[in-house]
Amino acid sequence: MVYPECAKEPEEPGAQDASDLADTFCRLGNAVISPREVDPARVAMNADSLAAVDDFILSALADSAASGAALAVVRRGQLVRLRGYGRLDWDPDASPVTPSSIFDMASLTKVVGTTSAVVILIQRGLISLDDRVVDHLDWWDEGDPAKSRVTIRQLLLHRAGLPPFRRFFLEMEGRAAYEDAIGALPLDHPPGERTVYSDIGLMTAAFIVETVTGMALDDFLRAEVWRPLGMADTNFTPDPALWDRVATTELDEDYRGLHVHGIAHDENAYAIGGVAGHAGLFSSARDLAVFAQMMLDRGAAAPCVADAASGLPCHRPRFAPVSIFGQGWVDRITRRQSPESTRALGWDTPSARSSAGDYFSARSFGHTGYTGTSLWIDPTQQLAVVLLTNRVNPTRDNRKHIPLRRGVHDRVARAIMDTPPRLREGPPEPGRR
């Protein structure tokens, strides 16, 4: 699709009907942008510095970091960037990336999806963090009696003693087969002994959600999170009618024999049926900006429309306030839990060489996805950055997304003028955020 050139001067508020702006984009240089972006000076950010972010992303794409990227930058509740760069595939005829382009989230599924679902159930008193997994999944410790001591908290902290992953997809498919395999899996080390990032732990957390609610994970999240917030682009197994908006991922010659597009890149998520606790979610930059603002607002979202004046992260109207997490829960799940690890509950916090760069504060939280996605939120600066790429297209051997992520976050942070960021020195004091 060919997008019109952006107007040189912004239209007066109210000049366009709000509903027209939700899916309206224009071209500015080599980027496709939303006309709902506000003047960066409105939130004390430097326009020239943000323009340098655009140049940096375009340079990285030209250097084959990915075929395309989408960026959302939110500060003080305002969108200062909502843009797409490059194309959904390396094919020169592929569609350009826009703010509504849909990317495979990979491990962002763990926080945007599974962790959110777990917290909602805890708030309702249906489960607790210190419940044992076997309190809800009686099959889970069949392969190792030590698993009977594993708690939901340990699953979210990656301290359950589980291996990072297993190539189950080579031998099985479907939910029942995965339950049998995970139930029979022995622990690598005693529960609580060490932190080892594990897909299997979040897969298990999703099994708990489905067992307790009697609903599929995607149905529960759609009803409780995405639909109330107006996140219309977010779902597992996107409808083929949307595939013209979906970025392609890896050329999978060994397992599926195709160029992966519109189906989960993660092989275990694909083999289990596309809906899993660790991977398989698809979303857009504009949707994740909505989610990020909800997190900055401590679990709540105000009514909104997609108008030009407000600059709010909103592209589907909310006619009443929405509460996803109760008082104190956002702080609780995003606070580093131990000096021995950067892990929070489901979420992560910055390490010494974090993908968040060097200027996001120690109070920041976020997560990355293997396909080249990331979401980092700094409540100290009231700042959120969504960066989505398809860096695994055509091969996962491409690692140029690593300096791209760090460079984008550093440049965005340095664009702040009123409270200039300092180099991050260390974690916050225990119990404080």
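These legends walk through close-up views of a predicted model. For local features the pLDDT has to be at least 70, and side-chain atom pairs count only at pLDDT 80 or more, while totals for chains, interfaces and linings use all residues. Numbering runs from 1 along each chain as its sequence is written, and side-chain values use heavy atoms, with hydrogens and water left out.

**View 1. Helix H11 and what it packs against.** H11 covers residues 401-414 and spans 20 Å from its first C-alpha to its last, close to the 20 Å expected at 1.5 Å a residue. (Helices are DSSP runs of H or I with at least four residues, strands are E runs with at least two, both numbered from the N terminus; the expected span is 1.5 Å times one less than the number of residues.) Of the 14 residues in H11, 10 are buried, where buried is under 20% relative accessible area, exposed is over 50% and partly exposed is in between, using a 1.4 Å probe and protein chains only. Among the buried ones are Leu404, Val408, Val412 and Ala413, and also the charged-name entries Arg405, Arg406 and Asp410. Their packing partners are helix H2 (47-62) plus strands S3 (68-75), S12 (365-369), S13 (373-378) and S14 (383-389).

**View 2. The largest nonpolar core, with Met295 picked out.** A nonpolar core here is a set of buried Ala, Val, Leu, Ile, Met, Phe, Trp, Tyr and Cys residues joined through side-chain atoms within 4.5 Å. This one has 91 residues, and Trp140, Leu229, Phe291 and Met295 have the most contacts inside it. Helix H9 (residues 285-296) gives the most to this core, nine residues. Leaving aside residues up to four places away in sequence, Met295 touches Phe325, Val330, Ile333, Thr334, Trp347, Phe365 and Ile377 (contact means heavy atoms within 4.5 Å). There's also a second, separate core of 32 residues, which includes Ile33, Val80, Val385 and Val408.

**View 3. The Asp23 and Arg286 salt bridge.** The structure holds 26 salt bridges, each a side-chain nitrogen of Lys or Arg within 4 Å of a carboxyl oxygen of Asp or Glu. In this one the N to O distance is 2.8 Å. Asp23 sits in the loop between helix H1 (18-21) and strand S1 (26-28) and Arg286 in helix H9, so the pair ties together parts 263 residues apart in sequence. Asp23 is partly exposed at 44% relative accessibility, whereas Arg286 is buried at 4%.

**View 4. The Glu267 and Arg396 salt bridge.** These side chains meet at 2.9 Å, N to O. Glu267 is in helix H8 (residues 267-272) and Arg396 in the loop between S14 and H11, 129 residues apart. Glu267 is buried, with a relative accessible area of 13%, and Arg396 is partly exposed, at 28%. Elsewhere, salt bridges that share partners join Asp23, Asp233, Arg245, Arg286 and Arg316 into one network.

**View 5. The largest pocket and its lining.** About 1100 Å³ of space lies in this pocket. On a 1 Å grid over the protein atoms alone, a pocket is an open set of points where a 1.4 Å probe fits, with protein on both sides within 12 Å along at least five of seven lines, and lining residues have an atom within 4 Å of a point. Grid points are joined across faces, edges and corners, and the volume is the space filled by probe spheres set on them. The lining has 44 residues, with Ser107, Gly369, Tyr370, Thr371 and Arg391 nearest the centre. H11 gives the most to it, four residues.
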